[in-house]
Amino acid sequence: MTRSTFTDLCLAAWVILYWFVSGVTLLQGWSNYPTWLDMGPMMSNEDFLHLRQAHYWLIYPLAVIPGMVSLVLNAVLVWLRPWGINWWLLLIQFATGLVIAVSTMVVQIPLQDRIDAMGYDRELIQHLIDTDLWARKIPGLIGMSIMVLLTWQAVRRRTA
């Protein structure tokens, strides 16, 4: 396998994973989290904790693991510098991915762990929603905008 073929495979895998994870995380932050605010008062704390336990293990194969693989592929592509793809956009995209990853590990997971330990807490869930917006959704939307440009560059280079 040539370096060019390997780079193209990494690029294709990255684009697919990136858009998949973006969809999952948008659904998570804009649908699931607000639903917890509504559902919590309508169920026992024990039922809420069961819901959280079931949800916790679904998010790893749907977002966390693919998100980490996507970040690694982005780093590989920064290093390999695919032809026709703006290197600075790859680097900025990597930086937005790091912001999201660090926020997830330092802010979001500890908040989720507190919810898992305590159960329903309206203020804590609202804090999760607020920090998810500024630390993950806004950088994610910036990243999606950059990814549109990168995807366009990747497609355009094939027609050149």
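1. Accessible areas come from the Shrake-Rupley method with a 1.4 Å probe, and on that basis the accessible surface of the chain in this predicted model comes to about 9,000 Å². Of that surface, 72% belongs to carbon and sulfur atoms.

2. As for the overall fold, the chain contains 4 helices and 0 strands, so that a reader who follows the sequence meets the pattern α-α-α-α. The C-alpha trace, taken along its principal axes, spans about 60 × 30 × 25 Å.

3. The chain has 160 residues, and buried residues account for 41% of them. If one takes the contacts between residues at least 6 apart in sequence, 79% of these join residues that are at least 24 apart.

4. On charge, the chain carries 10 positive and 10 negative side chains, while the centres of these two sets lie 21 Å apart. Side chains of opposite charge can pair when their charged atoms come close. In this structure there are 3 salt bridges, which the following points take up in turn.

5. One of the salt bridges joins Asp-116 to Arg-52, with 2.9 Å between the closest N and O atoms. This pair links distant parts of the chain, since Asp-116 belongs to helix H3 (residues 87-118) and Arg-52 to helix H2 (residues 45-80), and the two are 64 residues apart. Asp-116 has a relative accessible area of 25% and is therefore partly exposed, because buried means under 20% and exposed over 50%. Arg-52, by contrast, is buried, with a relative accessible area of 0%.

6. A salt bridge within helix H4 (residues 122-159) is formed by the side chains of Arg-136 and Asp-132, at 2.8 Å from N to O. Because Arg-136 and Asp-132 are 4 residues apart in this helix, about one helical turn separates them. Arg-136 has a relative accessible area of 15% and is buried, and Asp-132, at 1% relative accessibility, also counts as buried.

7. Which residue does the side chain of Lys-137 meet in a salt bridge? The partner is again Asp-132, here with a distance of 3.1 Å from N to O, and both Lys-137 and Asp-132 are buried. Asp-132, Arg-136 and Lys-137 are thus linked in a network of salt bridges, in which Asp-132 pairs with Arg-136 and with Lys-137.

Notes: Residues are numbered from 1 along each chain as its sequence is written. This is a predicted model: local features need pLDDT of at least 70, side-chain atom pairs count only at pLDDT 80 or more; totals for chains, interfaces and linings use all residues. Side-chain values use heavy atoms; hydrogens and water are left out. Buried means under 20% relative accessible area, exposed over 50%, partly exposed in between (1.4 Å probe, protein chains only). Contact means heavy atoms within 4.5 Å. Lys and Arg count as positive and Asp and Glu as negative; His and the chain ends are not counted. The place of a charge is taken as NZ of Lys, CZ of Arg, CG of Asp or CD of Glu. A salt bridge is a side-chain nitrogen of Lys or Arg within 4 Å of a carboxyl oxygen of Asp or Glu.
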